[in-house]
Amino acid sequence: MAENAPPRWDRRMQQRLSRGEAAALGEMYDRFAALVHSQANRMLDDEDAADAVTREVFGYVWENPDMYDPKQGSMRAWLAFLTHRESVRRLRGEAADGEDPDDPDALDERVRRATAAARADYIVASMPAPLRAALELAYVQRRDYRQTAADLGVTADEARRRLRLGLQLLSTARTRPVDGAPPPGYGRTL
């Protein structure tokens, strides 16, 4: 199997959706709805809007299963891209409906902040568990690197290494382009 080939589950899911298997959509929803909803909620800061984006994304997937190309990346990355695109569309729609339409820079900044926050969530959710655990201990539970090392059962040097790698991954959240940019691992704009 090629190094960049998507998992078999992704390829099979795309095939099942293309055949119109409703059970496939349910399975996909069970697996990814929390990801889609949390990304949309993080970007929009509105639970009802996040619910609507979740419905829109899975509706789009059901109506357009052939738009997913397994050669371009994982199903998860595609859904994250669709969520990002729909959330940005909603943010821009809010601005057009009266949220200070004379200040496009404010809207662009809001989209940038929301995108960076959603990207950070995605990075944390997809990083290896040892890095995520170290960051949680250090930054959520306010432990220093020695306490983090003790809690994880690793050396102080290993705790510092995990924290440094985790922070390096998080630092990339603000360096992604905004408009129509797919998440990492998804190399095309739909």
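Of the 190 residues in this protein, 38% count as buried. The model you have open is a predicted one.

**Stop 1: the whole chain**

Show the whole protein as a cartoon. There are 8 helices and 0 strands. Reading from the N terminus, the order is α-α-α-α-α-α-α-α. Now switch on the surface. About 10,700 Å² is exposed, and carbon and sulfur atoms supply 48% of that area. Next, think about contacts between residues with a separation of 6 or more. Of these, 64% join residues 24 or more positions apart.

**Stop 2: W9 and F32**

Now look for aromatic rings. The whole structure holds 4 aromatic pairs. Select W9 and F32 to see one of them, an edge-to-face pair. The ring centres are 5.7 Å apart, and the planes meet at 65°. Edge-to-face requires an angle over 60 degrees, so this pair qualifies. W9 sits in helix α1 (residues 8-18), while F32 sits in helix α2 (residues 22-44). The two are 23 residues apart, so the pair links distant parts of the chain.

Are these two residues buried or exposed? W9 has a relative accessible area of 16%, so it is buried. F32 is buried as well, at 5% relative accessibility.

**Stop 3: Y29 and F58**

Stay on helix α2 and select Y29, then add F58. Their ring centres lie 5.0 Å apart with the planes at 65°, so this pair is edge-to-face. Y29 belongs to helix α2 and F58 to helix α3 (residues 47-63). The pair therefore ties together parts that are 29 residues apart in sequence.

Check the cover on each partner. Y29 is partly exposed, at 40% relative accessibility. F58 is buried, at 5%.

**Stop 4: an aromatic cluster**

Which residues form one cluster with Y60? Select Y68 and W78 along with Y60: these residues make one aromatic cluster.

**Stop 5: the loop at D45**

Move to the loop between α2 and α3, and pick D45. Its phi is near 55°, a positive value in a residue other than glycine. Most residues other than glycine have a negative phi. D45 is exposed, with a relative accessible area of 70%.

**Stop 6: S87**

Select S87 in helix α4 (residues 75-96). How accessible is S87? Its relative accessibility is 0%, so S87 counts as buried. Show what surrounds it. Apart from neighbours within four places in sequence, S87 is in contact with A40, M43, L44 and V53. Then draw a distance to A49. The C-alpha atoms of S87 and A49 are separated by 8.6 Å, although the residues are 38 apart along the chain.

**Stop 7: the loop at R142**

Go on to the loop between α6 (129-140) and α7, and select R142. Here phi is near 60°, again a positive value in a residue other than glycine. R142 is exposed, with a relative accessible area of 68%.

**Stop 8: where α7 meets α8**

Select helix α7 (residues 145-152) and helix α8 (residues 156-171). Two packed helices are described by the angle between their axes and the distance between the axes. For α7 and α8, the angle is about 105° and the axes are 8 Å apart. The two helices are therefore roughly perpendicular to each other.

Which residues make the contact? From α7, select Y145, T148, A149 and L152. From α8, select A156, A159, R160, R162 and L163. Color them by class to see 6 nonpolar, 1 polar and 2 charged residues.

**Stop 9: R162 and R161**

Keep helix α8 on screen and zoom in on R162. Buried or exposed? R162 has 15% relative accessibility, so it counts as buried. The cut-off for buried is under 20%. Leaving out residues up to four places away in sequence, R162 touches P130, L131, A134, L152 and V154.

End with R161, also in helix α8. R161 is partly exposed, with a relative accessible area of 34%. Draw a line from R161 to L131. The residues are 30 apart in sequence, and the C-alpha to C-alpha distance is 8.9 Å.

Notes:
Residues numbered from 1 in each chain as written. Predicted model: local features only at pLDDT ≥ 70, side-chain atom pairs only at ≥ 80, totals over all residues. Heavy atoms only, no water. Helix = DSSP H or I, 4+ residues; strand = E, 2+ residues; numbered from the N terminus. Buried < 20%, exposed > 50% of the residue type's maximum accessible area, 1.4 Å probe, protein only. Contact = heavy atoms within 4.5 Å. Areas by Shrake-Rupley, 256 points an atom, 1.4 Å probe, with all protein chains shown as cover. Axes fitted to C-alpha atoms, helices over the stretch in contact; angles between N-to-C directions. Parallel < 35°, antiparallel > 145°, perpendicular 65-115°, else oblique. Nonpolar A, V, L, I, M, F, W, Y, C, P; charged D, E, K, R; others polar. Phe/Tyr/Trp six-rings, centres within 6.5 Å; stacked < 30°, edge-to-face > 60°.
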